[in-house]
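Me: I have a structure to read and have not seen it before. Could you take me through its features one at a time?

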Amino acid sequence: QKNNGISGNKVQRSRLLIKPSAGHIATSVLSEAAQWGDAVSVWPLANPLHYMWLEDRRLFYPTTPTTSEGDGDNYDSSTSCTADVLRLNEGLDVALVKGHEVMFSGDFVAISSQLDEQVLQGLRAAYSFG
């Protein structure tokens with residue numbers, strides 16, 4: 001059975017760790033990130049890195065509220081966000097592959113996306129992975 005919610009204790013803990021006033025929103029869609037300025041790659045520096053994402057829509061804050069069907073970017077402003085399926089510290093790979101926004105908190109470094117390939121080459125050489 002699919003878990004469509006999270007426990008109250010987990011919600012309370014997550015509010016302390018990930019919140020809009022202290023978190024950052026990331027996306028794996030370069031063109032969307034570039035709308036906010038220079039796109040960067042985010043690299044966590046230490047544990048813990050906490051993150052959350054919405055399973056049933058891609059964006060936390062859609063640009064134009066609407067009731068029309070679409071690709072998951074749209075929402076009906078008359079409904080409550082409590083219907084959203086929130087994933088906490090799980091499925092990051094799924095969120096990134098699907099192009100969902102991810103809100104995160106923790107220590108990280110932001111590197112210009114223009115340097116992505118150089119950083120990856122350096123990591124591959126240093127750690128001998130594919």
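Me: Which helices and strands each supply at least two residues of the lining of the largest pocket?

Reply: This is a predicted model. For pockets the general idea is that rolling a probe the size of a water molecule over the atoms shows where empty space is left. Here the elements that each supply at least two lining residues are β1 (24-26), α2 (30-34), β2 (40-44), α3, β5 and β6 (108-112). The strand β2 gives the most, with four residues.

Me: What is the volume of the largest pocket, and which residues are closest to its centre?

Reply: The volume is about 960 Å³. The lining has 34 residues, and Ile25, Ala26, Thr27, Ser28 and Ala33 are the closest to the centre.

Me: How do the residues of that lining divide into nonpolar, polar and charged?

Reply: There are 20 nonpolar residues, eight polar and six charged.

Me: Let us turn to β5. Which residues cover its two faces, and are they buried or exposed?

Reply: A residue counts as buried when its relative accessible area is under 20%. On one side of β5 are Val102 and Phe104, on the other Met103 and Ser105, and all of them are buried.

Me: Which way does β1 run relative to β5, parallel or antiparallel?

Reply: β1 and β5 run antiparallel and are joined by three bridges. Within this pairing, Ala26 stands opposite Val102. Ala26 is also one of the residues closest to the centre of the largest pocket.

Me: How many bridges pair β3 (residues 50-54) with β5?

Reply: Three bridges, again in the antiparallel sense. One partner to look for is His50, which is bridged to Ser105 of β5.

Me: Which residues does Ser105 touch, leaving out those up to four places away in sequence?

Reply: Ser105 touches Leu17, Ile18, Ala22, Pro48, Leu49 and His50. Its relative accessible area is 8%, so Ser105 is buried.

Me: How many aromatic pairs does the structure hold?

Reply: It holds one. The pair is formed by Phe104 and Phe108, with 5.2 Å centre to centre and 75° between the planes, an edge-to-face arrangement. Phe104 counts as buried because its relative accessibility is 6%, whereas Phe108 is partly exposed at 27%.

Me: Is Ser41 of β2 buried or exposed?

Reply: Ser41 has a relative accessible area of 14%, so it is buried. Leaving out residues up to four places away in sequence, Ser41 touches Val109, Ala110, Ile111, Ser113 and Asp116.

Me: How far apart are Val85 and Leu54 in sequence and in space?

Reply: They are 31 residues apart in sequence, and the C-alpha to C-alpha distance is 5.7 Å. Val85 is in the loop between β3 and β4. A relative accessible area of 10% makes Val85 buried.

Me: What is the sign of phi at Asn89, positive or negative?

Reply: Start with the usual case: most residues other than glycine have a negative phi. Asn89 has a positive value, near 50°. Its place is in the loop between β4 (86-88) and α3 (92-98). With a relative accessible area of 37%, Asn89 is partly exposed.

Key: Residues are numbered from 1 along each chain as its sequence is written. This is a predicted model: local features need pLDDT of at least 70, side-chain atom pairs count only at pLDDT 80 or more; totals for chains, interfaces and linings use all residues. Side-chain values use heavy atoms; hydrogens and water are left out. Buried means under 20% relative accessible area, exposed over 50%, partly exposed in between (1.4 Å probe, protein chains only). Contact means heavy atoms within 4.5 Å. On a 1 Å grid over the protein atoms alone, a cavity is a set of points where a 1.4 Å probe fits but cannot get out, and a pocket is an open set with protein on both sides within 12 Å along at least five of seven lines; lining residues have an atom within 4 Å of a point. Grid points are joined across faces, edges and corners, and a volume is the space filled by probe spheres set on the points. Ala, Val, Leu, Ile, Met, Phe, Trp, Tyr, Cys and Pro count as nonpolar, Asp, Glu, Lys and Arg as charged, and the others, Gly among them, as polar. Rings of Phe, Tyr and Trp (its six-membered ring) pair if their centres lie within 6.5 Å; planes under 30 degrees apart count as stacked, over 60 as edge-to-face and the rest as tilted. Two strands pair if DSSP finds at least two bridges between them.
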